[in-house]
Amino acid sequence: MSITGIKGMNDILPGDVETWQFLENHARRIFRAYGFAEIRVPVVEKTELFCRSIGETTDIVEKEMYTFDDKSGHSLTLRPEGTAPVIRSFIENKLYARDSVAKLYYLGPMFRYERPQKGRYRQFHQIGAEILGVEDPKIDAQLLAMLSHYFEAVEIGDVELQINSLGCPECRPGYRKALTAFLEERLPALCDDCRRRYLTNPLRVLDCKVPGCREATAGAPAMLDHLCEGCDSHFARVQGFLRDLGTPFVVNPRMVRGLDYYSKTTFEMVTNSLGSQNAVAAGGRYDGLVEDLGGPALPGIGFAMGVERLVLMKNSQQVEPPRPELFIAALGEAAANHAFRLMTSLQRRCIHCEMDYEGKSLKSQLRRADKLRARHVLILGESELTAGTAPLRDMDGGTQDLLPLAGIEELLAERWTVG
Ligand code: ATP
Ligand code: MG
């Protein structure tokens, strides 16, 4: 029996990987313009890092982490998200001493033991960005403007930016109390999970996807009505800057996040096209997190986009796989050897070139050139070698050129690498 991969962990195959590269390349290009530098952190961390940052009573820590003991008995966890490892590294490497603002981005796999379904996997990928050191609401607006710009650039239009405020340690306890009291009266209507967590993590109940819980909490008190003066004015200023920048958004007072470290501004990029997996990107402010993890008291804000969900949205539009610039169709051994040298020499100039390696018929070679959607085909046989010229067919225009074989590499390289 052959060995299969692990449930919920996918291979990314040629044909799809082009979409991934497209999404990654745009992220790198755009994030760079906003002053972000890439950071790469390990995929495993000490388990304690996630328990302390994400929160003991969250779904992620309660049931979704891949945790194991290594051979020395240390408890390690495959990272379920990127923010905690980035902050751990930021503190450990004293990145705060380099500049008063740190703008960092990352790309890579995350791991959560969830029930696999469309848009939800056990290994999935995130592209995330974090800004550390700035409390001013301009930075919230800037990060959201960048996120919005990204969706425009990759032409994923069917999304809505929803924002909310989750308050701060000053005003959230009052809200929690009001919410707990509200939930207490509706306990019989809630699912088992929510009945269990309404005391430990009442905000999570608002995020529950069970229809009964949604209905029961329809009139729940909103955090926005309980914000302290500081949080209220911060949220108003974020919205003002977003309007100034022309970044479209809606306020969703019911939005909460599944991680405990968020405060003040939180947000999601939401779509209708992925069923219940409707968040393609999510994030928010986490002003206490750096200090909680043993670093200086610096504010932070960030987001993570789920790449699989972006790919699902993009795939209905198809990103084209790369087309070879040239296919050399060679007939006979001498011509094939010549073609092989020519192909390699063009590849060394980074021109995408293909040929047949096995002496197939001209017809079958041309069929393959067609299948690969080669832009040009050069036909090379005994008579072309003798004449010292060969026909180059432009497959899109249908025109044909007779080219001298001597110096053809330079000629083609000049044609195809400029412009
Ligand atoms: P959801 O509500 O869909 O479970 P979440 O709140 O757990 O999402 P975050 O932890 O905020 O998600 O992660 C940010 C993004 O990462 C999500 O918006 C989503 O696009 C993606 N994501 C999260 N979990 C998964 C998963 N198991 N498989 C694929 N993508 C995921
Ligand atoms: Mg989740």
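This text walks through a predicted model of one protein chain with a ligand, going from its domains to the ligand site and then to single residues.

The domain assignment splits the chain into two parts. Domain 1 is made of two stretches of sequence, 17–171 and 227–317, while domain 2 covers 326–415. Between the C-alpha centres of domain 1 and domain 2 there is a distance of 49 Å.

The ligand comes next. Ligand 1 is surrounded by 17 residues. Arg-112, Glu-114, Arg-120, Lys-209 and Arg-257 are the closest of these. By chemical class, the shell around ligand 1 has eight nonpolar residues, three polar ones and six charged ones. Which strands supply at least two residues each to this shell? They are β6 (123–132), β10 (279–285) and β11 (300–306). The largest share comes from β10, which gives four residues.

Some atoms of the protein can be paired with oxygen atoms of the ligand. In the side chain of Arg-120, an N or O atom is 2.9 Å from an oxygen atom of ligand 1. The backbone also takes part: an N or O atom of the Ala-279 backbone lies 3.0 Å from a ligand oxygen, and for a backbone atom of Gly-306 the distance to a ligand oxygen is 3.4 Å. Taken on its own, ligand 1 has 590 Å² of accessible area, and the protein covers 92% of that.

Glu-114, one of the closest residues to ligand 1, deserves a look of its own. Glu-114 sits in the loop between β5 (102–111) and β6. Is Glu-114 buried or exposed? Its relative accessible area is 13%, which is under the 20% limit, so Glu-114 is buried. Its side chain makes a polar contact of 3.0 Å with the side chain of Arg-120. Arg-120 therefore has a side chain that pairs with Glu-114 and also has an N or O atom 2.9 Å from an oxygen of the ligand. Apart from neighbours within four places in sequence, Glu-114 is in contact with Glu-64, Arg-120 and Arg-122.

Helix α4 (residues 83–92) is a case of a whole element that is covered. Eight of its 10 residues are buried, so α4 is largely enclosed by the rest of the structure. The buried residues are Thr-83, Ala-84, Pro-85, Val-86, Ile-87, Ser-89, Phe-90 and Ile-91. What do these buried residues pack against? Their partners are β2 (44–46), α2 (47–54), β5, β6 and α11 (289–292). Just after the helix, Lys-94 has a positive phi of about 50°.

Positive phi values turn up at other places in the chain. Most residues other than glycine have a negative phi. Glu-155 is not a glycine, yet its phi is positive, at about 55°. Glu-155 is placed in the loop between α5 (137–153) and β7 (159–165), and it counts as exposed because its relative accessibility is 56%. Cys-350, also not a glycine, has a positive phi of about 65°. The loop that holds Cys-350 runs between α13 (333–348) and β13 (353–355). With 73% relative accessibility, Cys-350 counts as exposed.

Two further residues show how parts of the chain that are separated in sequence can be brought together in space. Thr-247 is located in the loop between α10 (229–245) and β8 (250–251). Its relative accessibility is 8%, so Thr-247 counts as buried. Setting aside residues up to four places away in sequence, Thr-247 touches Leu-144, Ala-145, Ser-148, Leu-161 and Leu-242. Thr-247 and Ala-141 are 106 residues apart along the chain, but their C-alpha atoms are separated by 8.6 Å.

The other residue is Arg-29, in helix α1 (residues 17–33). Arg-29 counts as partly exposed, because its relative accessibility is 47%. Within the helix, the side chain of Arg-29 makes a polar contact of 3.0 Å with the side chain of His-26. Residues three or four places apart in an α-helix point the same way, because there are 3.6 residues a turn. Across the sequence, Arg-29 is 121 residues from Tyr-150, and the C-alpha atoms of these two are 9.6 Å apart.

Notes: Residues numbered from 1 in each chain as written. Chains lettered and ligands numbered in written order. Predicted model: local features only at pLDDT ≥ 70, side-chain atom pairs only at ≥ 80, totals over all residues. Heavy atoms only, no water. Near = heavy atom within 4 Å. Polar contact = N/O pair within 3.5 Å; in protein donor to acceptor, adjacent residues only side chain to side chain. Areas by Shrake-Rupley, 256 points an atom, 1.4 Å probe, with all protein chains shown as cover. Nonpolar A, V, L, I, M, F, W, Y, C, P; charged D, E, K, R; others polar. Buried < 20%, exposed > 50% of the residue type's maximum accessible area, 1.4 Å probe, protein only. Contact = heavy atoms within 4.5 Å. Domains from an automatic or database assignment.
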